[in-house]
Amino acid sequence: MKLSQLTAYLETLAPLSYQEEYDNSGLIVGYPDQEISQALVSLDCTEAVVDEAIATGSQLIISHHPIVFKGLKKFNGKTYAERVVEKAIRHDIALYAIHTNLDNVMTGVNARICETLGLVNTRILAPKHNLLKKLVTYVPVAQAEQVRKALFHAGAGNIGNYSEVSFNAEGVGTFKAGEGSVPYVGEIGARHHEEEVRIESIYPANLESKIIMALVLAHPYEEVAYDLYNLTNQHQQIGSGMIGELEIAVDELDFLGEVKAAMDCKVIKHTALRNRQVKKVAVCGGSGGFLLKNAISAGADVFITADYKYHEFFDAEGKIVIADIGHFESEQFTQQLLCEIIQKKFSNFAIRLTKVNTNPVKYFI
Ligand SMILES: [Zn+2]
């Protein structure tokens, strides 16, 4: 299939617009219309992973972490990022990264951590603002339902577990068709009054062009009147970190033991235990220290993340147990998640999980 078929699907699950500003998710090397028959999935795109792609005949590497974050100025093999990009280009291997956009969705990196730890009643820890918009349009009564259907089908009207959400109010619209127009009702040069429904519905901003296209196609008028509003509401399904609950509260040490086994960690660095049961758990794969305040205010007993520095551990202040399980360890199951997502959709496409352990951190125990 074409590379763009695969990336377009991944971007319906984790739209590129959901990535953080510093990130560089998306197609880094390669052409959208190149043919691919096999992809290799890895957390990091290292030279060893490119070698593995060459050896296994994979035309694409899908990694969680982008190999390139900032502009590369020279390609003379001095840094690993330059060597990886150059080698990939020389061997016609496309590089695709699905990073913070996959961190920020309800079915991504943190959802997999929650699943692995057996957390239930999960939700986003720090939902993002300014990702939702509202469409208001005016439709003749007889066509209101076909327009609503089209809008819902294109992705409008979803709030939490509710779909097909809209508000509808009837009123009268007026218009006077000018020369050269082909009005659906009324006559050229005379003001027409039409019973219309004002339909309002919320939608994710990244679907805007799709939703407007659906509106214009479903609406009977030659000129479709609609208003688009920016909303400052939180998007409950998009954001950083997640929080959930254990079905049965456990002792702190037992919990850390379970985390160590489930997340396959060699070691967990943690702050002082609080001698209480663990019920609520916040998680953030990778460097999640910026979410500590959210984890505390959400009432989490333990915050599982990575990349904590010495002084940052003091911020626990006895209000929570910070557990640093390691960056690679926290995100390693993202690889399986990506394989599963792709296999489910493209059952005939060959998808391989890397055999390379790309963790640059080694443990001397
Ligand atoms: Zn990471």
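So, the zinc site: along the sequence, its donor residues follow the spacing H-x261-H-x3-E. Donors here are N, O and S atoms within 2.8 Å of the metal (3.2 Å for Na, K and Ca), and water is not among the atoms, so sites may look incomplete. The pair of H65 and E331 ties together distant parts of the chain, 266 residues apart: H65 sits in the loop between β3 and α3, and E331 in helix α11, residues 327-331. Before I go on, this is a predicted model, with local features needing pLDDT of at least 70 and side-chain atom pairs counting only at pLDDT 80 or more, while totals for chains, interfaces and linings use all residues. Residues are numbered from 1 along each chain as its sequence is written, and side-chain values use heavy atoms, with hydrogens and water left out.

Which atoms hold the zinc ion? On the protein side they are NE2 of H65, NE2 of H327 and two OE atoms of E331, lying 2.0 to 2.5 Å from the ion. The angles among those 4 donor atoms run from 56 to 131°, and the site comes out as irregular. For the cut-offs: four donors are tetrahedral if all angles lie between 85 and 135 degrees; four are square planar and six octahedral if opposite donors are over 155 degrees apart and all others between 65 and 115; anything else is irregular.

Are H65 and E331 buried or exposed? H65 counts as buried because its relative accessibility is 13%, and E331 is buried too, at 2%. Buried means under 20% relative accessible area, exposed over 50%, and partly exposed in between, with a 1.4 Å probe and protein chains only.

Okay, on to the sheets. Helices (H or I, at least four residues) and strands (E, at least two) are DSSP runs, numbered from the N terminus, and two strands pair if DSSP finds at least two bridges between them. There's an open sheet of 6 strands, ordered β5-β10-β12-β13-β14-β11, with mixed pairing. Its edge strands are β5 (119-129) and β11 (269-270), each pairing on one side only.

Inside that sheet, β10 (residues 234-251) runs antiparallel to β12 (residues 277-287) over 6 bridges. If you want to find the register, E245 has K280 in β12 as its bridge partner, and G244 stands opposite V281. On to β13: β12 and β13 pair in the parallel sense over 4 bridges, and V283 is bridged to I304 in β13.

What lies across the sheet? Helix α5 (residues 109-117) lies across β5, β10, β12 and β13 (302-306), at about 145° to β12. Then there's helix α8, residues 252-262, which packs on the sheet and touches β10, β11, β12, β13 and β14 (321-324), at about 120° to β10. Contact means heavy atoms within 4.5 Å; the axes are lines fitted to C-alpha atoms, for helices over the stretch in contact, and angles run from 0 to 180 degrees between N-to-C directions.

One residue to click on is L125, in strand β5. L125 counts as buried because its relative accessibility is 6%. Leaving out residues up to four places away in sequence, L125 touches S240, G241, M242, I243, A282, L291, N294, A295 and A298. Its C-alpha is 10 Å from that of V281, 156 residues away along the chain.

The other sheet is an open one of 4 strands, antiparallel, in the order β7-β8-β6-β9. The edges are β7 (167-176) and β9 (226-230), each with a single partner strand, so one side of each has no neighbour in the sheet. Neighbouring strands here are turned by 30° against each other on average, direction ignored. Strand β6 (residues 132-140) pairs antiparallel with β9 over 5 bridges, with V136 bridged to D227. Helix α6 (residues 144-153) packs on this sheet, touching β6, β7 and β8 (191-204), and its direction makes about 20° with that of β8.

Last, two helices. In α1 (residues 3-13), L3, L6, T7 and L10 are buried. Those buried residues fall within an arc of 90° seen down the axis, so they line one face of α1; the arc is that of the directions from the helix axis to the C-beta atoms. They pack against β1 (26-29), β3, β4 (94-97) and α12 (334-345).

In α2 (residues 47-56), the buried ones are V49, V50, E52 and A53. Their arc is only 155° around the axis, which puts them on the same side of α2. Their cover includes β2 (38-42), β3 (60-63), α3 (80-90) and β15 (350-353). After α2 comes G57, with a positive phi near 70°.
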